[in-house]
Amino acid sequence: MRHHDLIAPGPIAPGTVWLVGAGPGDPDLLTRRAERLIAAADILFFDALVGPGVLALAAPGTELVSVGKRSGRHSKPQEGINDLLLAAARAGKRVVRLKGGDPSIFGRSTEEIGHLAAHGIAVHVCPGITAASAAAASGAASLTLRGLARRLTFVTAHTRAGEPLDLDWTALAGADTTLAVYMGRAAAPEVARELVRAGRDPDTPVMIAVNVSLPEERVIRGRLAALPFLVQTISDDDPTLLLIGEALAASPQGALAEARAMASADA
Ligand SMILES: C[S@@+](CC[C@H](N)C(=O)[O-])C[C@H]1O[C@@H](n2cnc3c(N)ncnc32)[C@H](O)[C@@H]1O
């Protein structure tokens, strides 16, 4: 394959659908394939977490359809989204379904792929940078640590309204585990309480990453016991990822932040 073929636009056959990982928000964190697909789409369906800089890469005249989902807010039911994708593909359009981060992680891609495939529509998936990877990069941290953090668990703290979090806390409390908690801002007090109750050290380092890769990005560091207080300044609307585990303290910036905090506490 020539280089020219790799960068040429038009990789979507009419009447087919691409689920495309849009990364954490900054268009610089898209894959080159994602960028080409976005530019080639006739119609783009996007979630609330897809950054404006990513949408700006669509060609003039592309139909942009928000099917946004935000925690606790009214959003289009999944079945409605499935049907919109199907109708656009049946109309012979080149369809791109943009999903924040990576489509395969808490992205409900199985429902969309299943619905389209059941109706004979060809579906392809383009991976994206998931929030946990982007958050680790922003904090100059590693999610694993040789000999100390051998396990990395992605978990969602999203529940249906009013339902308690039904997670295997004993499994998550292992000292060798780094936890990446998606949709965890509201549940942060429960996450901290249950982990400590299941035996996790209250002194375990945590890193809270808000609006990762966007101009409003914030990275907050602290300890598990303080997690309920650390999230209090974060608005419901701001995408927030909780990272919990020993690996977080070992990053140079983590050590630096800790040293600064200790110095100011001593002063
Ligand atoms: C429905 S999940 C989708 C995850 C996405 N598929 C991924 O791979 O990142 C949405 C959650 O991802 C996390 N998230 C997504 N983008 C983020 C960002 N830019 N900064 C912080 N967290 C983010 C937050 O925990 C948010 O509540």
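Is Arg108 buried, exposed or partly exposed, and how many C-beta neighbours does Arg108 have inside 10 Å? Select Arg108 in this predicted model and you will find it in the loop between β4 and α5. Arg108 has 14 C-beta neighbours inside 10 Å, and therefore counts as partly exposed. Its backbone deserves a look as well, since Arg108 is not a glycine and yet has a positive phi of about 55°. For context, most residues other than glycine have a negative phi.

**The loop before α5**

Keep the loop between β4 and α5 on screen and add Phe106, which is found there too. Phe106 also has a positive phi, near 45°, without being a glycine. With 18 C-beta neighbours inside 10 Å, Phe106 counts as partly exposed.

**Helix α5**

Next select residues 109–118, which form helix α5, and colour Glu112, Ile113 and Leu116, which are buried. If you look down the axis of α5, these buried residues fall within an arc of 95°, so they line one face of the helix. In an α-helix, residues three or four places apart point the same way, because there are 3.6 residues a turn. Turn to the other side of α5 and you meet Thr110, Gly114 and Ala118, which are exposed. To see what covers the buried residues, show β1 (17–21), α4 (78–90), β4 (95–99) and β5 (123–126), which are among the elements that do so. Just after α5, pick out Gly120, whose phi is positive at about 80°.

**The ligand and its shell**

Now centre the view on the ligand, which has 22 residues around it; Gly101, Thr130, Ala131, Val212 and Pro239 come nearest. Two elements, β8 (205–210) and β10 (240–244), each give two or more residues to this shell. Colouring the shell by residue class gives 12 nonpolar, 8 polar and 2 charged residues. If you then colour by domain, you will see that domain 1 (3–126) and domain 2 (131–266) both contribute to the shell, so the ligand lies between them.

**The largest nonpolar core**

From the ligand, move to the largest nonpolar core, a set of 64 residues in which Val20, Leu241 and Leu243 have the most contacts. This core takes at least three residues from domain 1 (3–126) and at least three from domain 2 (131–266). Select Leu241 and show what it touches: leaving aside residues up to four places away in sequence, these are Ala131, Ala132, Ala135, Ala180, Val181, Tyr182, Ala209 and Val212. As a general background to this view, nonpolar side chains in soluble globular proteins tend to be buried together.

**Helix α8**

Go on to helix α8, residues 188–197, and highlight Ala188, Val191, Ala192 and Leu195, which are buried. Seen down the axis of α8, the buried residues fall within an arc of 95°, so they line one face of this helix. Display α7 (169–172), β7 (177–182), α9 (227–230) and β10 to see what the buried residues of α8 pack against. After α8 comes Gly199, which has a positive phi near 110°.

**The whole chain**

Finally, zoom out to the whole protein chain, in which 11 helices and 10 strands can be displayed. Of its 267 residues, 37% are buried. Among the contacts in the chain with a separation of 6 or more, 73% join residues 24 or more positions apart.

Methods: Residues are numbered from 1 along each chain as its sequence is written. This is a predicted model: local features need pLDDT of at least 70, side-chain atom pairs count only at pLDDT 80 or more; totals for chains, interfaces and linings use all residues. A residue is near a molecule or strand if its C-beta atom, placed from the backbone, lies within 6 Å of it. Helices (H or I, at least four residues) and strands (E, at least two) are DSSP runs, numbered from the N terminus. Ala, Val, Leu, Ile, Met, Phe, Trp, Tyr, Cys and Pro count as nonpolar, Asp, Glu, Lys and Arg as charged, and the others, Gly among them, as polar. Domain bounds come from an automatic or database domain assignment. A residue is buried if 20 or more other C-beta atoms lie within 10 Å of its own, exposed if 12 or fewer, and partly exposed in between; C-beta atoms are placed from the backbone. The arc is that of the directions from the helix axis to the C-beta atoms. Two residues are in contact if their C-beta atoms, placed from the backbone, lie within 7 Å. A nonpolar core is a set of buried Ala, Val, Leu, Ile, Met, Phe, Trp, Tyr and Cys residues joined through C-beta atoms within 7 Å.
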